[in-house]
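Reader: I would like to go through this model with the criteria beside each value. Please show me the structure before we begin.

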Amino acid sequence: MAGSIDRVTKAAADSGLDIEIRRMGASTRTAEEAAAQCGCTVAQIVKSLVFQGEASGKLFLFLVSGSNQLDLAKAAALTGEPLNRADPRQIREKTGFAIGGVAPIGHLIAIPAFADETLLGFDRVWAAAGAHDAVFAAEPHAMLKAAQALVATLTT
């Protein structure tokens with residue numbers, strides 16, 4: 001997992017995003033676990049959800065507030081095709097991250113990213129940093145810029 005965390009660190013530095021990765025010592029796989037570990041609200045947790053285009057097979061990353069649910073119809077409208085949850089093995093192979101540690105930056109491949117507009121309502125958000133217990137905090141505009149994420153209405 002150290003390689004995954006190193007990729008996140010490098011991607012942040014390359015994009016000018018100043019972060020400090022924290023190893024929490026306990027799981028941050030779910031938004032609730034992450035909020036408890038980070039001492040923030042569930043809404044300040046950035047869920048990294050990976051879906052696959054039904055027709056193209058292409059992976060798409062959706063960055064959603066921990067208290068929100070992704071609206072698949074809105075997500076599909078943005079990608080231009082119906083979406084299915086991506087297989088965890090494929091996510092790990094293509095992005096370099098296991099489920100529960102998928103970061104918004106540092107992927108092995110270029111992956112189109114879309115971000116829940118509600119994330120911009122916070123001064124600080126927390127995201128996975130490449131391992132099940134690794135997180136980083138960032139100002140949301142800066143993090144979404146580093147992720148090259150298109151901000152949109154993604155939830156109901």
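Author: What follows is a set of questions about salt bridges, burial, pockets and aromatic rings, each answered against its definition.

Author: The model is predicted, and for that reason local features need pLDDT of at least 70 and side-chain atom pairs count only at pLDDT 80 or more, while totals for chains, interfaces and linings use all residues. Residues are numbered from 1 along each chain as its sequence is written, and side-chain values use heavy atoms, with hydrogens and water left out.

Reader: Why is the pairing of Lys10 and Asp14 called a salt bridge?

Author: A salt bridge is a side-chain nitrogen of Lys or Arg within 4 Å of a carboxyl oxygen of Asp or Glu. For Lys10 and Asp14 the N to O distance is 2.7 Å, so the pair meets that rule. By this rule the count comes to three salt bridges.

Reader: What places Lys10 and Asp14 about one helical turn apart?

Author: Both belong to helix H1 (residues 2-15), where they are four residues apart, which means a separation of about one helical turn; helices (H or I, at least four residues) and strands (E, at least two) are DSSP runs, numbered from the N terminus. Lys10 and Asp14 are both exposed, on a scale where buried means under 20% relative accessible area, exposed over 50% and partly exposed in between, with a 1.4 Å probe and protein chains only.

Reader: What makes the salt bridge of Asp133 and Arg23 a tie between distant parts of the sequence?

Author: The side chains of Asp133 and Arg23 meet at 2.8 Å, N to O. Asp133 lies in the loop between strand E6 (125-128) and strand E7 (134-138), and Arg23 lies in strand E1 (residues 22-23), so the pair ties together parts that are 110 residues apart in sequence.

Reader: How do you know whether Asp133 is buried or exposed?

Author: Asp133 has 10% relative accessibility and therefore counts as buried, whereas Arg23, at 48%, counts as partly exposed.

Reader: How do you know that Asp87 and Arg89 meet in a salt bridge?

Author: Their N to O distance is 3.3 Å, so this pair also satisfies the salt-bridge rule. Asp87, at 29% relative accessibility, counts as partly exposed, and Arg89, with a relative accessible area of 66%, is exposed.

Reader: Why is Gln44 called buried?

Author: Gln44 has a relative accessible area of 16% and is therefore classed as buried, although its place is in the loop between helix H2 (31-38) and strand E2 (45-53). Leaving aside neighbours within four places in sequence, Gln44 is in contact (heavy atoms within 4.5 Å) with Phe122, Arg124, Val125 and Trp126.

Reader: What makes a space a pocket, and what volume lies in the largest pocket?

Author: On a 1 Å grid over the protein atoms alone, a pocket is an open set of points where a 1.4 Å probe fits, with protein on both sides within 12 Å along at least five of seven lines, and lining residues have an atom within 4 Å of a point. The largest pocket holds about 480 Å³ of space. Of its 27 lining residues, the closest to its centre are Arg29, Lys47, Ser48, Leu49 and Gly100. E2 gives the largest share of the lining, seven residues.

Reader: How does the lining of the largest pocket divide into nonpolar, polar and charged residues?

Author: The lining divides into 17 nonpolar, seven polar and three charged residues, where Ala, Val, Leu, Ile, Met, Phe, Trp, Tyr, Cys and Pro count as nonpolar, Asp, Glu, Lys and Arg as charged, and the others, Gly among them, as polar.

Reader: Why is the pair of Phe62 and Phe114 given another label than the pair of Phe60 and Phe114?

Author: Rings of Phe, Tyr and Trp (its six-membered ring) pair if their centres lie within 6.5 Å, and planes under 30 degrees apart count as stacked, over 60 as edge-to-face and the rest as tilted. The structure holds three aromatic pairs. The rings of Phe60 and Phe114 have centres 6.4 Å apart and planes at 45°, so this pair is tilted. For Phe62 and Phe114 the centres are 5.4 Å apart and the planes are at 20°, so that pair is stacked. Phe62 lies in strand E3 and Phe114 in strand E5, so the stacked pair ties together parts that are 52 residues apart in sequence. Phe51, Phe60, Phe62 and Phe114 form one aromatic cluster.

Methods
Grid points are joined across faces, edges and corners, and a volume is the space filled by probe spheres set on the points.
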